[in-house]
Each structure stands twice: as structure tokens, then as C-alpha cells.
Amino acid sequence: MEYKNIIVSFEEGISTITINRPKSLNALNVETLNEIECALYEIKNENKTQVLIFTGAGEKAFVAGADISTFPTLTPEGASAFVDLGQRVMDMIESFPVPVIAAVNGYALGGGTELAIACDMIYASENAFFGLPEVTLAIIPGFGGTQRLQRLIGRHLAKELVFTGDKIPAQRAKEIGLVNNIFPQAELMVKVKEIAKTIMKRGPLAIRAAKRSMIFGMDHDLKTANEIEKLCFITLFGTEDQREGAKAFLEKRAPQFKGK
Ligand code: CAA
């Protein structure tokens, strides 16, 4: 499909979705969210991607939030449809079958932080800022921000960010466990692709199973979550890759995984 608001690229097992509205700091409007949803379906159905990366076009922003230009006339019905779409996209990212990495190359505010925290890992450039400034607009985060952030960094820190609306720099985001690591902006994509390539050397079915276990186990009690882990674990013992992984280790050679 042809996209106007995003750029989708694929290289050596890695798909990248670049939000491409730099004039409005890559703000998420309905069209952009629709395109992201379409791209996620396409990438999933093609089944050749092992790691998906999200980033923003330009050097200033990852995503500066939902597109505020539509807000002055938005009705509760319109807001409901908008949030349904945004939450659906974030849920799809979170439960996407392969790892999704946010390469945050600048402002990640509101919907931008929400997009980043729906991803499995977040790497940021030195100039990145995170935050949920919705209350400065007299609204609240609507794409899962009030829920995912407190699960990720704890209730008190999440409430501080939600109630103050303050922006925090990448370094502070790393200190509170929001960001995995920080790189100079010019190196961000190279470093993120290196991390993606490390993941791609591992058993691809195991990576999918590990993600499934962690995502679907997270919000259950430990007993149920461990049962989910067990189901994911035992499934792998019917795969060629599992046999190959153990054999390669015992024969002291590198494994040749086939994703079977
Ligand atoms: N929506 C629409 N347009 C936006 C935007 C947004 N979220 N963020 C920035 N823009 C536009 C600006 O209006 C401006 O457009 P013009 O050049 O036409 O005037 C352009 O992008 C550049 O922005 P600034 O001039 O403001 O750039 P700056 O460097 O002075 O400031 C910023 C950068 C701090 C990120 C500032 O733009 C800003 O605060 N943006 C809004 C951030 C925000 O409040 N996000 C939350 C949105 S609500 C939300 O996301 C709800 C939800 O949970 C779903």
C-alpha cells in the first residue's frame, strides 16, 4: 500500500516504520494512525520481519503526540472513535508477534510516549524528551498512557509525569527505567539495528514465544503467568530449531536456525 504519513522500509529482516509528518513534529492524526494500523497488518502478514523499529522523520521529534489541530472541534463521540483507533494501534504494537523497538530521535510527548511504551524496548537519542503533557491541554492521556506507564515505572513516578505534564530528558528517562539506553542522534539507528541483529541471531521461534509469554503473562497472577510460560516453553520442544540449538551447543559450533 502507498502511504502518505509514514515510510515503511525493509532490510535484512528488519522493518522500519518512520512517522513522516516533520512539519507537525510527527503528530498522530487519524490518517497516520490508520496507516500505521495498515502497515502493521501488512508486515505481520508478509511474515518476513524479525524485528520492527519505530522512529520519527527529521531530527527534532519522534512523535509530539496526538494531532492537537483537530481537538478544538472534537466531540465526545469523535474523541471516542479517536481513542479507540489509538488504543487499537498501541495494543497491536504491544502484542505484535516479533520484538518492536522504539528509536526515539527527539520529542516523544503524549501519544509519542504512549507509542514508545507500547514497544518492547526504547532507545533514545541524547536530545530526546519524554512526557505526558495532556493535562496542560485539560485532557488526559488516551492511548494507554495512564495504564502502561504506571506498570512500567511504578505508580508514583507515573503519577508525577501525568499530573505535572512535565517533559523529562532522555537521561532522566533512563534513570527511571523508561529508556533502555541513550545514543548520540547520528548513531541511534545504527545502534538500534545492531541490537536488532543480535536478537535475529537467536532462535526466531523462541523470540516470538518469549515475547508472547511476557506480554500475555504480565497482567495475570504469577501462577497463571507461569502456566502461560510453560505452554510457550513446551511448544518449542516440537521445533527443529530447538534440536539444532542443543546439538550446536554440544558440538561446540554456531547454530543454524531456520525458524522451524
Ligand atoms: N499536534 C499538532 N501539531 C503539533 C503538535 C501536536 N501534538 N506538536 C507540535 N506541533 C506543530 C506546532 O503547532 C508547530 O506547527 P507550526 O510550525 O505550523 O506553528 C510545529 O509542530 C513545530 O512545533 P513548535 O513550534 O511548537 O516547536 P517547539 O520546538 O517550539 O516545541 C514541542 C516543540 C515542545 C514538542 C511543542 O511543539 C509541543 O509542546 N507540542 C505539543 C506536545 C503535546 O502537548 N502533546 C500531547 C498531545 S495530546 C495527546 O497526545 C493525547 C493522547 O494521549 C492521545
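**Cavity.** I looked for enclosed space in this predicted model and found that the structure holds one cavity of 30 Å³ or more. I noted a volume of about 40 Å³ for the largest cavity, and I listed its lining as Leu157, Glu160, Leu161, Ile168, Arg172 and Ile176. Sorting that lining by character, I counted four nonpolar residues, no polar ones and two charged ones. I then asked which element gives the largest share of the lining, and it is helix H5 (residues 155-164), with three residues.

**Six-stranded sheet.** I traced an open sheet of six strands in the order S1-S2-S3-S5-S7-S10, and I recorded its pairing as mixed. Strand S1 (6-11) and strand S10 (181-183) each have a single partner strand and stand at the edges, so that one side of each has no neighbour in the sheet. Going from one strand to the next, I noted a twist that averages 20°. Within this sheet I looked up how strand S3 (residues 51-56) is joined to strand S5 (residues 100-104), and I found three bridges between the two, which run parallel. For leucine 52, I noted valine 100 as the bridge partner in S5.

**Four-stranded sheet.** I traced a further open sheet, also of mixed pairing, in which four strands follow the order S4-S6-S8-S9. Here strand S4 (61-63) and strand S9 (167-169) are at the edges with a single partner strand each, so one side of each is left without a neighbour in the sheet. The twist from one strand to the next averages 20° in this sheet. I checked the pair formed by strand S8 (residues 129-131) and S9, and I found that three bridges join these strands, which run antiparallel. The bridge partner that I noted in S9 for phenylalanine 129 is proline 169. Turning to what lies against the sheet, I saw that H3 packs on it, touching S4, strand S6 (107-109) and S8, and that the direction of H3 makes about 75° with that of S4.

**Helices H2 and H3.** I next looked up how helix H2 (residues 76-94) meets helix H3 (residues 111-118), and I noted that their axes come within 8 Å and cross at roughly 30°. As angles under 35 degrees count as roughly parallel, I therefore entered H2 and H3 as roughly parallel to each other. On the H2 side I listed Met90, Ile93 and Glu94 as making the contact, and on the H3 side Gly111, Glu114, Leu115 and Ala118. By character, the residues of this contact divide into four nonpolar, one polar and two charged.

Note on methods:
Residues are numbered from 1 along each chain as its sequence is written. This is a predicted model: local features need pLDDT of at least 70, side-chain atom pairs count only at pLDDT 80 or more; totals for chains, interfaces and linings use all residues. Side-chain values use heavy atoms; hydrogens and water are left out. Axes are lines fitted to C-alpha atoms, for helices over the stretch in contact, and angles run from 0 to 180 degrees between N-to-C directions. Angles under 35 degrees count as roughly parallel, over 145 as roughly antiparallel, 65 to 115 as roughly perpendicular and the rest as oblique. Contact means heavy atoms within 4.5 Å. Ala, Val, Leu, Ile, Met, Phe, Trp, Tyr, Cys and Pro count as nonpolar, Asp, Glu, Lys and Arg as charged, and the others, Gly among them, as polar. On a 1 Å grid over the protein atoms alone, a cavity is a set of points where a 1.4 Å probe fits but cannot get out, and a pocket is an open set with protein on both sides within 12 Å along at least five of seven lines; lining residues have an atom within 4 Å of a point. Grid points are joined across faces, edges and corners, and a volume is the space filled by probe spheres set on the points. Two strands pair if DSSP finds at least two bridges between them.
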